[in-house]
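Welcome, and thanks for taking a look at this one with me. Below are some numbered notes to read alongside the structure.

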Amino acid sequence: MSQSLYIEDWAGWSANQILPADSAHNLDARIGTPLLPAMLRRRLDNAGRAVCEILALLDHTGDYPIIYASRHGDVTSSLDMLTSLARGDELSPARFSMSVHNAVMGVYSIARKHHSPIQALGAAGDEFEALMCEALGYLATGHKAVIVVLSEGEMPAEYADYAEHCEQPSVVAMRLTSHLGRKLVSAPCARPGHPTPLDIMAWLEAPDTWLAARQSWRLENS
């Protein structure tokens, strides 16, 4: 990369609450007044709610670009709708609207009145590099910081044996800058991987290690 990326802050959430171990980065330890009112909370699953609350923590000015990624999205909702169709039931437009890939970002933008750019992407396991590449683009155009978030929800049992997936619902988000925080460095990776939010949180809490994605990533010491 010709331009550098730095992690200024990060936060995470996992369904079993084991990660992040450091309370300074754990959503449940940092959360104050919840962002989402009840009418918006009930539209989302647990991972979607965690995404919104983590973004509210890291996007404290409310005007940073946000890049959201998920490999599988809310596949449970999609399966439920397919099952309903198989039974001959009619689909609710509201239910369908909450199954699309950018639904969580839509709820966040409504709750936060966020008017800066928001992207939602999937990259077949290469979400980490996709997030970094998109963040570089925003920083190159003059934004002071970019929030990137990777989320994975529950994988239905019907799909679990056929799809590479995260072992439990989890979310990790980072506020990236071009000069503040800890510098990210990358190198060619001999054995590329598809890091999940759990993998990324474990790596962030042991920053002398390398994260295997399409490239290898490490945090330089301050």
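1. Let us begin with a pairing inside the sheet: strands β1 and β6 run antiparallel to each other and are joined by 3 bridges. Ile 7 has Arg 182 of β6 standing opposite. Please keep in mind throughout that this is a predicted model.

2. β1 also pairs with β5, again in the antiparallel sense, and here there are 8 bridges. One of the residues to look for is Trp 13, whose bridge partner in β5 is Val 171. As general background, the strands of a sheet pair through backbone hydrogen bonds, in either a parallel or an antiparallel way.

3. Is β1 largely enclosed or left open by the rest of the structure? Of its 10 residues, 9 are buried, so β1 is largely enclosed.

4. Now for the whole sheet. It is open and has 8 strands, in the order β3-β2-β4-β5-β1-β6-β8-β7, with mixed pairing. Its edges are β3 (118–121) and β7 (211–212), each of which pairs on one side only. β7 is joined to β8 (residues 215–219) by 2 bridges, and these two strands run antiparallel. Within that pairing, Leu 211 has Trp 217 of β8 as its bridge partner.

5. Two helices that pack on the sheet deserve your attention. Helix α3 (residues 46–58) touches β1 (5–14), β2 (66–69), β4 (146–152) and β5 (170–177), and its direction makes about 145 degrees with that of β1. Helix α9 (residues 197–204) touches β1, β4, β5, β6 (182–188), β7 and β8, with its direction at about 55 degrees to that of β5.

6. Which residues have the most contacts inside the largest nonpolar core? They are Met 132 and Met 174, in a core of 32 residues. At least two residues of this core come from each of β1, β2, α7 (127–140), β4, β5, α9 and β8. The most, 8 residues, are given by α7.

7. Met 174 is a good place to zoom in. Setting aside neighbours within four places in sequence, Met 174 is in contact with residues including Ile 7, Trp 10, Phe 128, Met 132, Val 148 and Ile 200. There is also a second, separate core of 28 residues, and Cys 52, Leu 58, Ile 66 and Val 171 are among them.

8. Two loop residues make a nice pair to view. Lys 144 lies in the loop between α7 and β4, and it counts as exposed because its relative accessibility is 71%, where the cut-off for exposed is over 50%. Not counting residues up to four places away in sequence, Lys 144 touches Leu 139, Leu 176 and Thr 177. Thr 196, in the loop between β6 and α9, counts as buried because its relative accessibility is 16%, with buried meaning under 20%. Leaving aside neighbours within four places in sequence, Thr 196 is in contact with Leu 150 and Cys 166.

9. Finally, where is there empty space? The largest pocket holds about 270 Å³. It is lined by 23 residues, and Asp 45, Gly 73, Asp 74, Met 98 and Val 104 lie nearest its centre. Two or more lining residues come from each of α3, α4 (75–87), α6 (103–112) and β4. The largest share of this lining, 3 residues, is from α4.

Terms used: Residues are numbered from 1 along each chain as its sequence is written. This is a predicted model: local features need pLDDT of at least 70, side-chain atom pairs count only at pLDDT 80 or more; totals for chains, interfaces and linings use all residues. Side-chain values use heavy atoms; hydrogens and water are left out. Two strands pair if DSSP finds at least two bridges between them. Helices (H or I, at least four residues) and strands (E, at least two) are DSSP runs, numbered from the N terminus. Contact means heavy atoms within 4.5 Å. Axes are lines fitted to C-alpha atoms, for helices over the stretch in contact, and angles run from 0 to 180 degrees between N-to-C directions. A nonpolar core is a set of buried Ala, Val, Leu, Ile, Met, Phe, Trp, Tyr and Cys residues joined through side-chain atoms within 4.5 Å. Buried means under 20% relative accessible area, exposed over 50%, partly exposed in between (1.4 Å probe, protein chains only). On a 1 Å grid over the protein atoms alone, a cavity is a set of points where a 1.4 Å probe fits but cannot get out, and a pocket is an open set with protein on both sides within 12 Å along at least five of seven lines; lining residues have an atom within 4 Å of a point. Grid points are joined across faces, edges and corners, and a volume is the space filled by probe spheres set on the points.
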